[in-house]
Amino acid sequence: MKLRLGTRRSLMAMTQSGLVADALTERTGHEVALVGVTTQGDVSTADVAQMGGTGVFVSALRQKVLDGEVDFAVHSLKDLPTAPAEGIALAAVPPRDDPRDALCGEAKLADLPRGARIGTGAPRRMAQLRALRHDLKVVPIRGNADTRLRKVTTGECDAVVLAYAGLTRINRLDAVSEIFDPAQMLPSPGQGALAVECRADRTDLLEILATLDDYASRAAVAAERALLAALEGGCSAPVGAYAAVEDRTLLHLIGVVTGYDGERQVRLSESGHPDLAERLGRDLAARMIAKGADQLMGERTS
Ligand SMILES: NCc1[nH]cc(CCC(=O)O)c1CC(=O)O
């Protein structure tokens, strides 16, 4: 059976979807055809938060899945709203790529001049950059990775922050001047991971797509996103989270909420069995809220 894979048309999306297609063909023998879908997030120049959050990169693809125009879709998992989607199943989370954030510019953060202009569209990155260096001028930017990298070459920014995983997929690691340690900058929940979705009633497809699933990756992102959901954070929330799984038996989760000025942070961690990933995320969120994390959530984000 030839399967139709719905994907955004960006270079990063087409590349990551192509890798998923190749893995599926290798494991199951099914041929896969990529079907490019333009989403609201791809055509609008408005700020993502103004458009209603990262669902703008996802909704059109999900509609094609529900309408049967494509058999399944591949998304960057961090772009999925935390709320479940009616009729859609998360059929697989393939092995996660490096979730860290990367600085792309002429020098490492510590070597950039005082008042250096750093481009990012993510409040999570803005707030953590300010926590690292209060003198930085954070410049709101958006668009795909190439558009953002061009801000440095044109001199509009001294550096920009992008996900290492995205840069890897578009073969632009040459632009990286520093990879942030999670202790400096905690990634977006689900960053570096992919989401393979299909109709929840397609049991035939669920079985085929399950061959792509990676237990540790699925557990890690489940914990991170349960934390985000419990903090009631949308895509533009200044929430960072990172979970790692040891020997399929122990999941370590770290969460951070940073005030937009970088002055205040609530950063806590929790460990437990990966089977209890979502509960770990919720429990950590409750502890962070008890330390005042929710007070930092509603602040101006740029
Ligand atoms: N909508 C932006 C977006 N969605 C996923 C990634 C990175 C790749 C990933 O997390 O899989 C990016 C770009 C970025 O944050 O640099």
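The following exchange concerns salt bridges and nonpolar cores in a predicted model.

Me: Why is the pairing of Arg62 with Glu197 called a salt bridge?
Reply: The closest N and O atoms of Arg62 and Glu197 are 2.7 Å apart. The cut-off is within 4 Å, so the pair qualifies.

Me: What makes Arg62 and Glu197 a tie between parts of the chain?
Reply: Arg62 belongs to helix 3 and Glu197 to strand 10 (residues 194–199), so the pair joins parts that are 135 residues apart in sequence.

Me: How do you know whether Arg62 and Glu197 are buried or exposed?
Reply: Buried means under 20% relative accessible area. Arg62 has 12%, so Arg62 is buried; Glu197 has 4%, and therefore Glu197 is buried.

Me: Why is Arg4 called partly exposed?
Reply: The relative accessibility of Arg4 is 32%. Buried requires under 20% and exposed over 50%, so Arg4 falls in between. Its salt-bridge partner Asp71, at 3.1 Å from N to O, has 8% and therefore counts as buried.

Me: Which residues share a network of salt bridges with Arg4 and Asp71?
Reply: Arg202 and Asp204 are linked with them in that network.

Me: What makes Asp101 buried?
Reply: Its relative accessibility is 0%, so Asp101 meets the limit of under 20%. Asp101 forms a salt bridge with Arg125, the closest N and O atoms being 2.8 Å apart. Arg125, at 4%, is likewise buried.

Me: Which helix gives the most to the largest nonpolar core?
Reply: Helix 8 does, with six residues. The core has 24 residues, and Leu227 and Val257 are among those touching the most other members.

Methods. Residues are numbered from 1 along each chain as its sequence is written. This is a predicted model: local features need pLDDT of at least 70, side-chain atom pairs count only at pLDDT 80 or more; totals for chains, interfaces and linings use all residues. Side-chain values use heavy atoms; hydrogens and water are left out. A nonpolar core is a set of buried Ala, Val, Leu, Ile, Met, Phe, Trp, Tyr and Cys residues joined through side-chain atoms within 4.5 Å. Buried means under 20% relative accessible area, exposed over 50%, partly exposed in between (1.4 Å probe, protein chains only). Helices (H or I, at least four residues) and strands (E, at least two) are DSSP runs, numbered from the N terminus. A salt bridge is a side-chain nitrogen of Lys or Arg within 4 Å of a carboxyl oxygen of Asp or Glu.
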